[in-house]
Structure formats: structure tokens, C-alpha cells
Amino acid sequence: MTDKRLYSPKYVKEILNRYGFQFSKSLGQNFLIDGNIVRKISGAGDITKEDYVLEIGPGIGTLTEELALNAKKVVAVELDEALLPILDETLKDYDNIEIIHGDILKVDIPKLIEEKLGGGPIKVVANLPYYVTTPIIGKLIEEDLNIHSIIVMIQKEVADRIVAPPNNKQYGSLSVFVNFYTNPEIMVRVPKTVFMPQPKVDSAVIKLTLKEELPEVDKKVFFKVVKSAFGKRRKTILNSLSSNGLGLDKETIREVLESLEIPIESRAENLNIEDFIKISKTLPPLDIY
Ligand code: SAM
């Protein structure tokens, strides 16, 4: 078995030099060089020998190795071809890891789960460039895939917005979107010093556990209402819902809010998911189909 040393900064430098590897900023290549954080990420996922894990962006395989030590099988999707020979070397002693060369935004994930990950439910672990993180989280939670949980490193500010409760400045449509589909928790706060090279911002590892049952509401109507409510977050809920794309007049909105005993002068940030669900179910049909 490989020495457990993939996170040693000296080792990372040595192997990258040996392969003439150049970091790509556009691919968000900041590799972890702290064993403690690597263990904490795997721990956050509660990974056990029963688990099939999809890792996105393995880099030189630092986290992949830790996951493979704990999981039944790890499939890791890496876009940068230059990392493939490095991964061949660093992970050569593990027979429960499969590396796939590809762009996670283009991979057929249901097929991957079916053919290589035991059919699911799987756990997803990712330390990704931020440009991919939002679209991929959206895709993973919206598409009704067979996923148990997603453990992902994201910018600290984004993590704070996701877990923010109502009546909080950080609470917004992103919080409502993620909390509609999952139960999010911040697991580890990660300083920029644990990466090579160091990024500009601090990060956090967030765990999104997918809900087994989603609230019963027309999702298209619900998200239209949420978007309209937060579109002008300083306005009262009465004003934002009647001026932001729902196509309903103020009197109709007032009647709906009053029937639900939601104060018309409250703002989007004062309403919880249940309130948005109730509004979505009580509004007259929207012209969106
Ligand atoms: N997991 C490693 C670690 O923690 O040290 C590397 C993390 S690094 C922040 C992000 C990795 O994602 C890089 O290896 C990068 O090449 C890869 N990557 C970037 N965009 C990708 C995409 N669209 N699909 C798959 N991998 C991608």
C-alpha cells in the first residue's frame, strides 16, 4: 500500500515537478496538503465499507486515497488529462478506485451510478473549482438521482448563505432552493492555508443530505414565487409578488397573503419554506405552462 503521504507538501511538489505539471487556474486546481482536513472531509461523509462514492475532481488523488480506505468503491471523474498518469502512480495500490477522464458537467451520471456505483444510493464527494460547483450541485439535487448525500467544499460565504435561516441577512433564494431538496450542514471550516497553491478565499465543507420526500407542491410555481419574492428583497412581500413576473394584481396577492395570515408588510427574508409552499398552493393558476 502507498505510504499515506499524498498530502505532504514535499511529496505534492516532488510528484508535480517530476511530471512537469503546471497548475491550471481556470480548472480551479488547488490541491489539499493537510492530512487532517482530508480525514475530516471523509469523516463528514460518514463513509463506510458499504458505500459507493463518486468523487469529482480528484487532482493527484489525495482525497481519493482517504475515501478508498473507508469506502467499498470510489469512482473519480477528472477533467485534466495531465493528471491521469499521476493518478495512475499515486493510486496504483488500490483496487477499489476507478478513474474516469471527463467533464462532470457532461458525464451521464445516472448511467455511471447504474453501471459502476452499485445502482445507488451513492455518496458524492467533491473539492471543485467554484465555477463548476453551483451548476453541479443544482444538477445533483434537482434531477432525482439516486444520491444519499453530497459532501462538497465551497466558498465560505456561499456555505453561510446556504445554511442561513429566515430573518437573517444571508438568507435568500439559494437557501430556499438547497433547503427544499436537502438538509444542509456546515461540517468543517477550511482556511486557505491548507491548499497548494493558496486560493484567495476561505472555504467550508458542506454536507447536503437529500430529502427522501420532497414537499408536495408544483416545483415550477414554487420556484417562480421564490424568485419573484427575492427579486426585490427590500420590498414588502405584497409589492414584490405583485410586481415581479407572476402576472397577478396586487388585490389578488393581498387576498392570498391575508387568507394565509402572512403579514403583507413582511419581506421575503421573513418567510420560511412552508410559507412559500402555502403561497404557491393558494395563488390562482400562473401563466407559466
Ligand atoms: N480533490 C483534489 C484535492 O482536494 O487536492 C483536487 C481539488 S482541485 C480544487 C479541483 C479538481 O477538479 C482539479 O483536479 C481539476 O482538474 C478538477 N476539475 C475541474 N473542473 C472539472 C470538471 N468539470 N470535471 C471534473 N473535474 C474537474
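**Exercise 1.** Which residue of β5 does L54 stand opposite?

*Solution.* The model is predicted, so local features need pLDDT of at least 70 and side-chain atom pairs count only at pLDDT 80 or more, while totals for chains, interfaces and linings use all residues. Residues are numbered from 1 along each chain as its sequence is written, and side-chain values use heavy atoms, without hydrogens and water. Strands are DSSP runs of E with at least two residues, and helices are runs of H or I with at least four, numbered from the N terminus. Strand β2 (residues 52–56) is joined to β5 by 4 bridges, the two running parallel; strands pair if DSSP finds at least two bridges between them. Within this pairing, L54 stands opposite V124 in β5.

**Exercise 2.** Determine which strand β5 pairs with over 6 bridges, and which helix belongs to the β-α-β unit.

*Solution.* Strand β6 (residues 147–155) pairs with β5 in the parallel sense over 6 bridges, and here V125 stands opposite I151. Helix α6 (residues 130–142) makes a right-handed β-α-β unit with β5 and β6, right-handed meaning that, with the strands pointing away from the viewer, the path from the first strand over the helix to the second runs clockwise.

**Exercise 3.** Establish whether the residues of β5 are buried or exposed.

*Solution.* Buried means under 20% relative accessible area and exposed over 50%, with partly exposed in between (1.4 Å probe, protein chains only). I122, V124 and A126 point one way from β5, whereas K123, V125 and N127 point the other way, and all are buried. Because 6 of the 6 residues of β5 (residues 122–127) are buried, the strand is largely enclosed by the rest of the structure.
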